[in-house]
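Q: Please walk me through this structure and explain the labels as we go.

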Amino acid sequence: MAGTRIHHNIRTILLIITGTGLLAFAVKCVYDPSGLVVGGFSGIAILVKEVSSYWMKEGIPLGLTTFLLNLPVFAAAWPMKGKEFVTRTFLATILLSSWLLVIPDIHVAETDLVLAAVFGGVSAGAGIGLVLSTGTTTGGTDMLGSLLQRMFPSYTIAQIMAVLDAIIIIAGGFLFGFSSALYAVVSVYVTTKISDALVVGTRYARSAYIITKKPEEVAKEIFRKLERGVTGIYAQGMYTGQDRKILFCVVSKKQIVRLKSCVYEQDPDAFVIVTEAKEVLGEGFRHNEQRRIG
């Protein structure tokens, strides 16, 4: 057990190091040279660097601004988030700031804003996804949003973060031009898609709700042909007042056609609802490493 935990901790640290490196690369080598302010404390750091360059050579370093902005947020988040989470996030912030300081100034996209938005979004999304997959964040507006949500409980953290990032992007538009701000929005979209793919995976499963007069026969057919578990949920038809059993089943995307075939072979009048399940943990699907280790 101790060896498994050590392996898990080493893996977590390596993922955080790699993830913060990819994010820092996107910020320093793609976003900053192209004038794309994509929100977050990294976006504020780009704004600060650009403004401060008017009175000091090359402006205030991105890593320094990012680190200083996070300090008061960590101090406020410590009692709310807990020692372990804040410690891991603080490590990620230090690594991100360090990467921003040591990565050389390389202009990857030059003046091509389309390339900057897409490539920067892919690199940043991959970095954020790797960090989030460890149950950690890089601090910034997501942690600030958690703190502000206590002051404005009628708004969700996601809504507060959206407002904060929108303000930062608009500020970038005034400084670098609003075409850059529009490309920044594109990059944020790419970043979100890539990070979500890494955190929840791209091989989405399908969940099916089956309303049938032959629940036992349908369930046995699914067991036999698909080797998937089926759960019976007791319900009542509000129009007829009759008690019914709704079958619930989760299958892979490739199995959904065979599932419907199993259902309609047994009951042509069955009612089937299929939805997308972005993450499924358990037997027959992906294992939950954090639950298994804890």
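A: Let's start with pairing: two strands count as paired when DSSP finds at least two bridges between them. Strands (E, at least two residues) and helices (H or I, at least four) are DSSP runs, numbered from the N terminus. This is a predicted model, where local features need pLDDT of at least 70 and side-chain atom pairs pLDDT 80 or more, while totals for chains, interfaces and linings use all residues. Residues are numbered from 1 along each chain as its sequence is written, and side-chain values use heavy atoms, without hydrogens or water.

Q: What makes strand S2 and S3 partners?
A: Six bridges join S2 (residues 231-236) to S3, and the two run antiparallel. Six meets the minimum of two, so they pair. One of the partnerships is Ala235 in S2 with Arg244 in S3. The two strands make a hairpin with six residues between them, and Gly241 in the turn has a positive phi of about 75°.

Q: How do you know that strand S1 and strand S3 pair?
A: Seven bridges link S1 (residues 205-211) to S3 (residues 243-252), again in the antiparallel sense. Ile210, for example, has Leu247 in S3 as its bridge partner.

Q: Why is Trp55 called exposed?
A: The cut-offs for relative accessible area are under 20% for buried, over 50% for exposed, and partly exposed in between, using a 1.4 Å probe and protein chains only. Trp55 comes out at 62%, so it is exposed. You'll find Trp55 in the loop between helix H2 (40-52) and helix H3 (62-81). Together with Val51, Tyr54, Met56 and Leu175, Trp55 makes a nonpolar surface patch of about 540 Å².

Q: Is Ser42 buried or exposed?
A: Ser42 has 13% relative accessible area, so it is buried. This residue of helix H2 is in contact (heavy atoms within 4.5 Å) with Val27, Thr66 and Leu96, leaving aside neighbours within four places in sequence. Thr66 itself is among the buried residues of H3, along with Val73 and Phe74.

Q: What makes Ile256 buried?
A: Its relative accessibility is 12%, and that is why Ile256 counts as buried. Ile256 is in helix H10 (residues 256-266). Beyond its neighbours within four places, Ile256 is in contact with Arg206, Val251 and Val274.

Q: How do you know that Glu276 and Arg206 meet in a salt bridge?
A: The rule asks for a side-chain nitrogen of Lys or Arg within 4 Å of a carboxyl oxygen of Asp or Glu. Here the N to O distance is 3.8 Å, and the pair makes the cut. Glu276 lies in strand S4 (residues 271-277) and Arg206 in S1, so this bridge ties together parts 70 residues apart in sequence. Glu276 is partly exposed at 45%, whereas Arg206 is buried at 18%. By the same rule the count comes to seven salt bridges.

Q: What makes Glu221 part of a network?
A: Glu221, Arg224, Lys225 and Glu265 are linked by salt bridges. Glu221 meets Arg224 at 3.1 Å and Lys225 at 3.0 Å. Arg224 sits three residues from Glu221 in helix H9 (residues 215-226), about one turn of the helix, and Lys225 lies four residues from Glu221 in that helix. An α-helix has 3.6 residues a turn, so residues three or four places apart point the same way. Glu221 is buried at 8%, while Arg224 is exposed at 57% and Lys225 partly exposed at 31%.

Terms used. Patches are made of residues with over 30% relative accessible area and no salt bridge: like charges are joined within 9 Å, nonpolar side chains (Val, Leu, Ile, Met, Phe, Trp, Tyr) within 5 Å. Accessible areas come from the Shrake-Rupley method with a 1.4 Å probe; for residues, only the protein chains shown count as cover.
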